[in-house]
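Visitor: I'd like to poke at this model and ask where the labels come from. Can you walk me through them?

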Amino acid sequence: MKLKFTKMHGAGNDFIVIDAINQQVDFTAAQWQALADRRFGIGADQILVVETASQPGCDFRYRIFNNDGGEVEQCGNGARAFVKFVAEKGLTGKAQITVETKAGIISPRLESEGSVTVDMGAPVLEPAAIPFDADGLSGQPEGRDTLWPLLLELGGEREQVQVSVVSMGNPHAVQVVADVDLAPVELTGPLIEHHPRFPKRVNAGFMQLMSRQHIKLRVFERGAGETLACGTGACAAAVAGIRRGLLDSPVTVDARGGRLSIAWAGEGQPVYLTGPAVTVFEGEITV
Ligand SMILES: N[C@@H](CCC[C@H](N)C(=O)O)C(=O)O
């Protein structure tokens, strides 16, 4: 079978985008993983699938598969690519669309200057809902629980890091580091991703505070490894920093692949993610 796809990226977080409205798409996790493989397949951090909406009032359904083939709840950079894709393919005439995801409804909007802003919905901060198992731990400061100790086993050595836990539909553990370029992302990222206190695994964020409205961020993504940018990771980092009183909205986030901007008015309010979405090429592959 021939499958048409579009290769896109958002600040270097790269995607295979597939129109599953006009093509029959029903793949196993192993097939998604094969398509995302950088040596034997097309190569991507995530695969984004555009489907017909199942809920009234929604324009499309958006499904996301990580590089490892697993289906996940949310992808912020992907949401920007998604609205650009459906516009370029003529699947909608709207600049702002309403999209159903496994994590709820989001609303991306094409801006006149070519960037995309996504209403990502409100962050979830209750540890059990991340999900994060806080049993036996005390969060800091007491009562607000914006910071949690996480014990990592590093080849016989034990190290404790302090993380904020935030769900943007998908789980994030964000820590502040002194220098993001020197942070042990490759070493501790996988340990945090698979830490037993995160039963659905987690995306591990490392942020350096540059000013009250500017951070540098690296994210070791669940199911994909370190990516050049992570949209939900940027939202989670900004939310964590604002909740801890370290940052003010809007926050400029410099990832290794580009710049994102995050606006958040506080608890219960939606997070707005703005950044680029770029089409790289179109292709067809036999699957
Ligand atoms: N790159 C994404 C996040 C993709 C999903 C993530 N790896 C997960 O497993 O939750 C983004 O831009 O948000």
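Visitor: Which helix is G76 found in, and how do you know that a run counts as a helix?

Guide: G76 is found in helix α2, residues 76-88. Helices are DSSP runs of H or I with at least four residues, strands are E runs with at least two, and both are numbered from the N terminus. Before we go on: this is a predicted model, where local features need pLDDT of at least 70 and side-chain atom pairs count only at pLDDT 80 or more, while totals for chains, interfaces and linings use all residues. Residues are numbered from 1 along each chain as its sequence is written.

Visitor: Why is G76 called buried?

Guide: Buried means 20 or more other C-beta atoms within 10 Å of the residue's own, exposed means 12 or fewer, and partly exposed is in between, with C-beta atoms placed from the backbone. G76 has 28 within 10 Å, so it is buried.

Visitor: What makes N170 buried?

Guide: N170 has 28 C-beta neighbours inside 10 Å, so it counts as buried. N170 is found in the loop between β10 (157-167) and β11 (171-176).

Visitor: Which residues does N170 touch?

Guide: Leaving out residues up to four places away in sequence, N170 touches V72, E73, Q74, A103, N203 and T232. Contact here means C-beta atoms, placed from the backbone, within 7 Å. With the same kind of exclusion, G76 touches residues including M168, G231 and T232.

Visitor: What are the domains, and how far apart do their C-alpha centres lie?

Guide: The assignment gives domain 1 (2-121 + 276-286) and domain 2 (127-269); such bounds come from an automatic or database domain assignment. Their C-alpha centres lie 24 Å apart. In contact are 23 residues of domain 1 and 19 residues of domain 2. On the domain 1 side, α2 gives the most, with three residues.

Visitor: Which residues are closest to the ligand?

Guide: The closest are N77, N170, R222, G231 and T232, among 19 that surround the ligand. A residue is near a molecule or strand if its C-beta atom, placed from the backbone, lies within 6 Å of it. To this shell α2 gives the most, with three residues, and each of domain 1 and domain 2 supplies at least three.

Visitor: How do you know that G76 and N170 are listed under "binding site"?

Guide: That comes from UniProt, in an unreviewed entry that places the feature at positions including G76, N77, N170 and T232. Its positions use the numbering here, feature names are shortened, and annotations may be inferred rather than shown by experiment.

Terms used
Two residues are in contact if their C-beta atoms, placed from the backbone, lie within 7 Å.
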